[in-house]
Amino acid sequence: MSTGFQGKFHRQNILSRLAKDLVRRSRSHCELCDHNGVKLEPFEIPPIEEEPYLDGCLFICDGCRKQIVEPKKMIPTHWRCLNNALYSEVPAVQVMSFRILKRLAGSGERWAEELLEHAYLDPELEAWANEAE
Ligand SMILES: [Zn+2]
């Protein structure tokens, strides 16, 4: 069992290998806000599995990442982009969009609530989306 530094290193290794596929999948655009020409990095959707895998990762910019990990810093207008991301053909993007919209709706953003009302997620993806906040 790999833990501590070695485990982290192993994980980083897998993630950097996945990055190649993520570049291709995202066409070098942030998978949430669609920005390009910015630094993009793999982001694992929690709860994370023992080993990172492509379908459990997003390729996103720093602006998006920061707001995901620090919900207090969320800028609601930034997330209007989810209007499109929610209908991405990539399941991981749909799931993360759904979660972020739930957070926004929970903090009183009416537009986010409306988007969610009209959203359709496969039951399987909805269950995944509900696995974590
Ligand atoms: Zn972004």
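**Exercises on a predicted model**

In sequence, the donor residues of the zinc ion follow the spacing C-x2-C-x27-C-x2-C. The model used here is predicted.

**Exercise 1.** Find which protein atoms are the donors of the zinc ion, and name the geometry of the site.

*Solution.*
Step 1. List the donors: SG of C30, SG of C33, SG of C61 and SG of C64. They lie 2.3 Å from the zinc ion.
Step 2. Check the angles. Among the four donor atoms they run from 104 to 116°.
Step 3. Apply the cut-off: four donors count as tetrahedral if all angles lie between 85 and 135 degrees. The zinc site is therefore tetrahedral.
Step 4. Place two donors in the chain. C30 sits in the loop between helix 1 (4-26) and strand 1 (40-44). C64 belongs to helix 2 (residues 62-69). The two are 34 residues apart, and the pair links distant parts of the chain.

**Exercise 2.** Work out which backbone values stand out at S28 and at the bond from P46 to P47.

*Solution.*
Step 1. Recall the rule: most residues other than glycine have a negative phi, and most peptide bonds are trans.
Step 2. Look at S28, in the loop between helix 1 and strand 1. Its phi is near 60°, a positive value in a residue other than glycine.
Step 3. Turn to the P46 to P47 peptide bond. Its omega is near -5°, and the bond is cis. P47 lies in the loop between strand 1 and strand 2 (57-61).

**Exercise 3.** State which residues gather in a patch of negative charge on the surface.

*Solution.*
Step 1. Name the members: E49, E50, E51 and E131.
Step 2. Locate E131. It is in the segment after helix 6 (123-129).

How values were computed. Residues numbered from 1 in each chain as written. Predicted model: local features only at pLDDT ≥ 70, side-chain atom pairs only at ≥ 80, totals over all residues. Heavy atoms only, no water. Patch = residues over 30% accessible without salt bridge, like charges linked within 9 Å, V, L, I, M, F, W, Y side chains within 5 Å. Areas by Shrake-Rupley, 256 points an atom, 1.4 Å probe, with all protein chains shown as cover. Salt bridge = Lys/Arg side-chain N within 4 Å of Asp/Glu carboxyl O. Lys, Arg positive; Asp, Glu negative; His and termini not counted. Charge placed at Lys NZ, Arg CZ, Asp CG, Glu CD. Helix = DSSP H or I, 4+ residues; strand = E, 2+ residues; numbered from the N terminus. Donors = N, O, S within 2.8 Å, 3.2 Å for Na, K, Ca; no water. Tetrahedral: all angles 85-135°; square planar, octahedral: opposite > 155°, others 65-115°.
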